[in-house]
Amino acid sequence: MAETGPPVLDEEPIQKSGLEKVEEGSPKAPVEIKLSSEAPPKKQRRAKLKAKDSSDKAATQLLTESQITALENAFKAGDVEDRGVVDAGQVQFIVQQVLGDVLTVSEVRTLVQKGEAVGAATGVINLQEFKDLLIDLLHTTTTRWGALQTSLDGYVGFDTVLEQQRKKFLKKGFEFNLMVVGESGLGKSTLVNTLFKSKVSRTSCTNEPPQKIPKTVEINTVTHVIEEKNVRLRLSITDTPGFGDQVNNENCWLPIYDQINKQFDKYLTEERSVVRRKQIPDSRIHCCLYFIAPTGHGLKALDISCMKKLHDVVNIIPVIAKADTMTIEERDAFKDRIREDIAEAEIKVYPSSLLPEDEDVLQANAPIRKHLPLAVVGSDRALTINNKSILGRQTKWGFVEVENPNHCEFSFLRDMLLRTHMQDLKDTTHEEHYENYRRQKLSEEGNP
């Protein structure tokens, strides 16, 4: 490691008896010769310059110019007193600032130890020592310098990867599985038909006469393939007739819970198969619309019990059904009571505030949390008003426009489900709910 200051010469004179050169016949005293373990200043400066050039060449081979610039800027930012040095303890934070949070625990430990060793004498490290330390770390522990921004000198072409993925996904199609839970008569089927502007609900796509309310909760799933602008979506709607309609509704959530876990188990079995399909069919429930009756008195005990059992296995979005039966003031007061009940019962609704979020995701989710629970109105009938076809409900007192945000929050729900958060619902299902199920299942079987 090159030194930071000028060489210190040994000033103590040393007499070398018998080695002095004295002219013959001269009475002069022996010549005192100053010896030093260091090289002469000129030679030492050359050695330092040579070492610096060698270090710079090593840095150039391992790092690009923009990467070196990023390191120098980070170092200067850490040198708040403009002394040309930083405290040895700051090395870890400066490196993480440049690399991002990509260093493992062992790499951070190695970096700290090396930094302390370099700055052991003075407690500080200069820029050249900082570079050498990182080059040494790069050689021995990590090569993950991709976090540094590097400019290109010309067009390469990897920007077409998005188009490649788009073509692949369009060919393969997409899947989305929606579950609706709530008491009978809350307009679940109507709302689903309104969301997709087609008859996709269980009751509307069959010609069977209306059946009596089942004595226990039944799970019915119907699957459609719908297409919009060359994008194919395999849509599965799972209905839960009989939920909350009995005198004794104890454990009426259990068939729903079992159905969700059944789809998890089905996916896990396919994953673990020795011979499996290239694309595993995804029947896991990505979202559960939980319908709340517009009573104006807050959540029922059944609602709280059911959501507490389901929130760990599925993304729950609470909606207030038939919101047009309440005035604006009644609706706002009702929403406040529901929010208080959800907070008191510690129910996790989508999007969960417990998961880490970057700035963009936080901005996208803030309006959703502000509006939850969503007060919605559904109608699959189009009425002509002022020569315009509008989805809505005609009443004695006026016309309720389903897609008008001043009348209800249906458009907000539709945009979130289909236009902004569909992929995030699927990712959360896979990365959080399914992963928790998989981990628990494998642990029970004794797998590490």
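What follows is a walk through one sheet, the helices around it and one buried glutamine in a predicted model.

The sheet comes first. Six strands make it up, in the order β4-β5-β3-β6-β7-β8, and the sheet is open, with mixed pairing. At the edges sit β4 (220-228) and β8 (374-375), each of which has a pairing partner on one side only. Strands of a sheet pair through backbone hydrogen bonds, and they can do so in either the parallel or the antiparallel sense.

Strand β7, which spans residues 316-320, pairs with β8 in the parallel sense, over 2 bridges. One residue pair to look up here is I320 and its bridge partner in β8, A375. On its other pairing, β7 runs parallel to β6, and 5 bridges join these two strands. Y290 is the residue that stands opposite P318 of β7.

How much of β7 is buried? The strand is mostly covered, with 5 of its 5 residues counted as buried. In a regular strand the side chains alternate between the two faces of the sheet. For β7, I316, P318 and I320 lie on one side, I317 and V319 lie on the other, and both faces are covered.

Helix α13 (residues 422-444) also belongs in this part of the picture. The helix packs on the sheet and touches three strands, β3 (174-181), β5 (231-239) and β6 (287-292). Its direction makes about 80° with that of β3.

Next up is a helix pair. Helix α7 (residues 188-196) packs against helix α12 (residues 410-420) at an angle of about 65°, and the two axes are 10 Å apart. That angle makes α7 roughly perpendicular to α12, because the perpendicular class covers 65 to 115 degrees. As for handedness, α7 passes α12 in a right-handed crossing. On the α7 side the contact involves L191, T194, L195 and F196, which meet F410, L413, R414, L417 and L418 of α12. Sorted by type, the residues of this contact come out as 7 nonpolar, 1 polar and 1 charged.

Last comes Q259, a residue of helix α8 (residues 254-272). Is this glutamine buried or exposed? Q259 has a relative accessibility of 15%, so this residue counts as buried, the cut-off being under 20%. What does Q259 touch, leaving aside its neighbours within four places in sequence? The residues in contact with Q259 are then M179, I219 and T221.

Terms used: Residues are numbered from 1 along each chain as its sequence is written. This is a predicted model: local features need pLDDT of at least 70, side-chain atom pairs count only at pLDDT 80 or more; totals for chains, interfaces and linings use all residues. Side-chain values use heavy atoms; hydrogens and water are left out. Two strands pair if DSSP finds at least two bridges between them. Helices (H or I, at least four residues) and strands (E, at least two) are DSSP runs, numbered from the N terminus. Contact means heavy atoms within 4.5 Å. Axes are lines fitted to C-alpha atoms, for helices over the stretch in contact, and angles run from 0 to 180 degrees between N-to-C directions. Angles under 35 degrees count as roughly parallel, over 145 as roughly antiparallel, 65 to 115 as roughly perpendicular and the rest as oblique. A crossing is left-handed if the near helix is turned anticlockwise from the far one by less than a right angle, and right-handed if clockwise. Ala, Val, Leu, Ile, Met, Phe, Trp, Tyr, Cys and Pro count as nonpolar, Asp, Glu, Lys and Arg as charged, and the others, Gly among them, as polar. Buried means under 20% relative accessible area, exposed over 50%, partly exposed in between (1.4 Å probe, protein chains only).
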